[in-house]
Amino acid sequence: MSLGPGSVDYLAPRAADALRRADVIVGYKTYVQLVEEFAQGKEVRASGMRKEMDRCREALDLALEGRRVALVSGGDAGIYGMAGLVFDLCRARDIAVRKGGFHANASPDALPVEVIPGIAAFNAAASLLGAPLMHDFASVSLSDHLTPWEIIEKRLDAAAVADFVIALYNPRSATRPDVLDRARAVLLRHRAGDTPVGVVHKAMRDGQRHWVTTLDEMASEEVDMQTVLLVGNSHTYVWNGWMVTPRGYLDKYGV
Ligand code: SAH
């Protein structure tokens with residue numbers, strides 16, 4: 001289930017309900033801390049970064065024992081999150097699943113699973129910046145942990161050619177601190193240096209900061225793993241500090 005970007009104000013009521021009904025909460029420790037108020041009196045199994053496989057296996061084993069498990073994921077669980085891994089593992093281990101989750105009746109022959117959606121980092125970031133996602137957009141994770149850099153570069157290049165607004169996730173990697181600079185170089189093949197870039201750090205969390213810069217001027221030192229960037233398309237403008245991608249209403253209908 002999805003936790004949204006941080007503050008519980010942005011947690012879906014259905015997700016809050018799942019946390020309340022759960023016997024066990026399993027997740028990355030930073031995320032579990034964000035929903036501490038729901039964890040009172042529950043068994044909590046929190047683990048560190050890059051332990052996704054362990055967390056998922058543990059959650060599945062607990063669920064197969066008949067416990068009600070909330071496997072939590074930041075933002076939206078289905079976007080670079082835990083949801084896909086649950087299905088991958090069930091498929092590989094031949095575990096029968098059915099649609100249901102916390103609202104289903106127990107069934108002896110299939111594990112009820114529900115994916116509860118949430119506000120992803122790019123949604124949260126867009127709202128803080130203004131309205132940068134009013135037109136077609138693409139999202140690219142710069143993490144080369146599971147995806148080779150050649151594929152990341154190919155997708156960035158294609159998204160830049162097609163003039164998509166581009167969300168950049170995981171903009172800094174522990175092993176390759178220069179991925180954002182490499183990504184910028186790819187984008188600059190097709191996009192002007194003065195293209196607006198919105199940088200959002202810790203959206204809807206304590207320590208939230210955001211600003212608008214340009215492809216030429218964005219400084220990768222100010223970016224970390226709790227940052228998401230939105231790169232404008234060729235029509236995106238900045239007005240009074242807001243970043244906006246026009247959809248074209250005024251061109252068609254006038255003011
Ligand atoms: N499932 C998440 C993404 C997980 S990948 C989602 O739907 O948004 C982790 C990356 O997401 C981070 O490296 C960062 O780029 C971005 N991210 C997640 N939460 C964020 C937040 N509150 N503020 C800024 N970026 C965030």
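Hi everyone. Let me start with a term: a polar contact here is a pair of N or O atoms within 3.5 Å. Keep that in mind as we look at this structure, which is a predicted model.

With that cut-off, R205 qualifies: one of its polar side-chain atoms lies 3.3 Å from a nitrogen atom of the ligand. Two more contacts come from the backbone. At I79, a backbone N or O atom is 2.6 Å from a ligand nitrogen, and at M225 a backbone N or O atom is 2.6 Å from a ligand oxygen. On its own the ligand exposes 540 Å², and the protein buries 94% of that.

Now, who else is around it? The ligand is surrounded by 19 residues, and the closest are D76, I79, A121, M225 and T227. By character, that shell splits into eleven nonpolar, five polar and three charged residues.

So where does the ligand sit? You'll find it in the largest pocket. Domain 1 covers 8–113 and domain 2 covers 121–244; both give residues to the shell, so the ligand lies between them.

Before I finish, let's turn to the cavities. How many are there of 30 Å³ or more? The count comes to one, with a volume of about 40 Å³. Its lining is made up of L180, V199, W211, T213, M218, A219, E222, V223 and L229. Among those lining residues, seven are nonpolar, one is polar and one is charged.

That's my tour, thanks for listening!

Methods
Residues numbered from 1 in each chain as written. Predicted model: local features only at pLDDT ≥ 70, side-chain atom pairs only at ≥ 80, totals over all residues. Heavy atoms only, no water. Near = heavy atom within 4 Å. Polar contact = N/O pair within 3.5 Å; in protein donor to acceptor, adjacent residues only side chain to side chain. Areas by Shrake-Rupley, 256 points an atom, 1.4 Å probe, with all protein chains shown as cover. 1 Å grid on protein atoms, 1.4 Å probe; cavity = no way out; pocket = protein on both sides within 12 Å on 5 of 7 lines; lining within 4 Å. Sits in = over half its atoms within 2 Å of the grid points. Nonpolar A, V, L, I, M, F, W, Y, C, P; charged D, E, K, R; others polar. Domains from an automatic or database assignment. Points joined across faces, edges and corners; volume = space filled by probe spheres on them.
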